[in-house]
Amino acid sequence: MHQEIIILLQLLLAHVLTDFVLQPTRFIKHKQGLVLRSWFLYVHAFLAGFLSLLFLQDPELWHIAVFIGVTHFFIDYWKLKQKKDNFKIFLFDQFLHLVVIFLAWLYIVNGFVEIFPTLQNLLTNTYFLAVLIGYLLIIFPAGFLIGKATQRWQEEIEVAHKNNSLEAAGRYIGIFERILVLTFILTDNFSAIGFLIAAKSILRFSDKSETGARKQTEYVLIGTLMSFAITILIGLLIRQFAL
């Protein structure tokens, strides 16, 4: 298993160097402007395969390097053909690269035969199922529940403060804070929850100069306490029944 993990890390290192360290902004713009006529697109794809082979240190795996290089070329070409280069496109682009790396890794370590047994073991593992359900609950239903519970206060302050906050920022802040709180609970880092509360309080309540700022502060505080209470309850239930 140790050697298998090393191989995966080698492939990931090659990808990180290729896609981030060795790809400055001017080269990215060169690709975006010329697409297939950009020499860097071909060099970039070659680097993806070459560095993979270099780190694997096994010439017999040259076909893996070719596979990674060719797929990297077509994934990047697909990305360049998109009308927008936004966060979603970036995430999907990286997801495709990681899928290729994962497939290459499975081939090298002969891991394809282990996929279904591993999935079967995970789906019958109490701890895995409990943690998975816990994270799904705090990301989706918990936010909906908090939104419904605080709707009347939200409507009360919406008119005065609708232009003073990023669109949907509160929802994403809530999701990330619940993920952090549940992670802290499952890893026995309860003290970090207090630090998170303090940090959020400083950032969210520092400006009280506006009219109605107290209402907004109280509204955010109610949502935060509900968010933390739900997440802590789910975390404690997981620790009680799945650990």
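This passage walks through the fold, the salt bridges, a surface patch and two unusual loop residues of a predicted model.

Let's start with the overall build. The protein is a helix-only affair in terms of regular elements, with 12 helices and zero strands. Reading from the N terminus on, the elements simply go α-α-α-α-α-α-α-α-α-α-α-α. The chain counts 243 residues, and 34% of them are buried. As an example of how helices meet here, take α1, which covers residues 2-21, and α4: the two pack at an angle of about 40 degrees, and their axes lie 13 Å apart. That angle makes α1 oblique to α4, since it falls outside the ranges for roughly parallel (under 35 degrees), roughly perpendicular (65 to 115) and roughly antiparallel (over 145). As for its handedness, the crossing of α1 and α4 is right-handed.

Next come the charged side chains. The count comes to four salt bridges. One of them pairs D76 with K31, and their closest N and O atoms sit 3.1 Å apart. D76 belongs to helix α4 (residues 62-81) and K31 to helix α2 (residues 25-34), so this pair ties together parts that are 45 residues apart in sequence. Are these two partners buried or exposed? D76 has a relative accessible area of 5%, so it is buried. K31 is buried too, with a relative accessible area of 4%. Both calls follow from the cut-off, because a residue counts as buried when its relative accessible area is under 20%.

K79 is involved in a little group of its own. Its salt bridge with D85 has the closest N and O atoms 4.0 Å apart. K79 also forms a salt bridge with D93, where the closest N and O atoms are again 4.0 Å apart. Here D93 comes from helix α5 and K79 from helix α4, so the pair ties together parts that are 14 residues apart in sequence. Put together, K79, D85 and D93 are linked in a network of salt bridges. The two acidic members of this network get different labels: D93, at 2% relative accessibility, counts as buried, whereas D85, at 46%, counts as partly exposed.

Now for the surface. A nonpolar patch is formed there by F67, F92, F95, V99, F102, L103, Y107 and F112, and together these residues have about 730 Å² of accessible area. Which helix gives the most to the patch? That would be helix α5 (residues 87-108), with six residues. Y107, one of the patch members, lies in this helix. At 44% relative accessibility, Y107 counts as partly exposed, because that value sits between the 20% limit for buried and the 50% limit for exposed.

Finally, two residues stand out for their backbone angles. Most residues other than glycine have a negative phi. Q57, though not a glycine, has a positive phi of about 60 degrees. Where is Q57 found? It is in the loop between α3 (39-56) and α4, and at 64% relative accessibility it counts as exposed. N110 is another non-glycine residue with a positive phi, in this case about 55 degrees. N110 has its place in the loop between α5 and α6 (115-123). With a relative accessible area of 60%, N110 is exposed.

Conventions: Residues are numbered from 1 along each chain as its sequence is written. This is a predicted model: local features need pLDDT of at least 70, side-chain atom pairs count only at pLDDT 80 or more; totals for chains, interfaces and linings use all residues. Side-chain values use heavy atoms; hydrogens and water are left out. Patches are made of residues with over 30% relative accessible area and no salt bridge: like charges are joined within 9 Å, nonpolar side chains (Val, Leu, Ile, Met, Phe, Trp, Tyr) within 5 Å. Accessible areas come from the Shrake-Rupley method with a 1.4 Å probe; for residues, only the protein chains shown count as cover. Helices (H or I, at least four residues) and strands (E, at least two) are DSSP runs, numbered from the N terminus. Buried means under 20% relative accessible area, exposed over 50%, partly exposed in between (1.4 Å probe, protein chains only). Axes are lines fitted to C-alpha atoms, for helices over the stretch in contact, and angles run from 0 to 180 degrees between N-to-C directions. A crossing is left-handed if the near helix is turned anticlockwise from the far one by less than a right angle, and right-handed if clockwise.
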